Amino acid sequence: MSLDTLATKLLLCASGSGNSAYGVQIAPGAALPVASNFNGKANLNLKNVTAKHEVIVSAGTFQSPQL
């Protein structure tokens, strides 16, 4: 688990029945423009996080890409 982290991309691989997610690309410490710690445009320090078993994707209406 990682706090104050922005999910930037789902990592997908092609399989026989479509695409499957095997991980997430994240930007630790990044903030959306509506967050109190937003400091304008900045270069992101991106990291890939992979899962051993499954990736659970949840969507919402407010800052939903923030994990």
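Does Ile-26 count as buried or exposed, and at what relative accessibility? In this predicted model, Ile-26 has a relative accessibility of 9% and counts as buried, because the cut-off for a buried residue is under 20% relative accessible area. The residue is found in strand β2, and its surroundings are taken up again below with the pairing of that strand.

The chain has 67 residues, of which 18% are buried. Its secondary structure consists of 3 strands and 0 helices, and the order along the sequence is β-β-β. The average pLDDT over the chain is 79, and 76% of the residues reach a score of at least 70. Among the strands, β3 (residues 47-50) has the highest confidence, with a mean of 94, whereas β1 (residues 5-15) has the lowest, with a mean of 86. Where pLDDT is low, predicted coordinates should not be read in detail.

The 3 strands form an open sheet in the order β1-β2-β3, with antiparallel pairing. Strands β1 and β3 stand at the edges and have a single partner strand each, so one side of each lacks a neighbour in the sheet. From one strand to the next, the twist averages 35°. Strands of a sheet pair through backbone hydrogen bonds, in either a parallel or an antiparallel manner.

The pairing of β1 with β2 (residues 18-28) is antiparallel and comprises 10 bridges. These two strands form a hairpin, with 2 residues between them. Within this pair, Ser-15 stands opposite Gly-18 of β2, and Thr-5 stands opposite Pro-28 of β2.

The pairing of β2 with β3 is likewise antiparallel and comprises 4 bridges. Here the buried residue Ile-26 stands opposite Lys-47 in β3. The two residues are 21 residues apart in sequence, while their C-alpha atoms are 5.4 Å apart in space. Ile-26 thus combines a position in β2 with a relative accessibility of 9% and a place opposite Lys-47 of the edge strand β3.

On the surface, a nonpolar patch is formed by Leu-10, Leu-12 and Val-57. Together, these three residues have about 270 Å² of accessible area. Leu-10 is found in strand β1, one of the strands at the edges of the sheet. With a relative accessible area of 40%, Leu-10 is partly exposed, because this class lies between the limits of under 20% for buried and over 50% for exposed residues. Leu-10 in β1 is therefore assigned to the partly exposed class at 40%, whereas Ile-26 in β2 is assigned to the buried class at 9%. In a regular strand, side chains alternate between the two faces of the sheet.

Terms used. Residues numbered from 1 in each chain as written. Predicted model: local features only at pLDDT ≥ 70, side-chain atom pairs only at ≥ 80, totals over all residues. Heavy atoms only, no water. pLDDT = per-residue confidence, 0-100. Pairing = 2+ DSSP bridges. Axes fitted to C-alpha atoms, helices over the stretch in contact; angles between N-to-C directions. Patch = residues over 30% accessible without salt bridge, like charges linked within 9 Å, V, L, I, M, F, W, Y side chains within 5 Å. Areas by Shrake-Rupley, 256 points an atom, 1.4 Å probe, with all protein chains shown as cover. Salt bridge = Lys/Arg side-chain N within 4 Å of Asp/Glu carboxyl O. Buried < 20%, exposed > 50% of the residue type's maximum accessible area, 1.4 Å probe, protein only.
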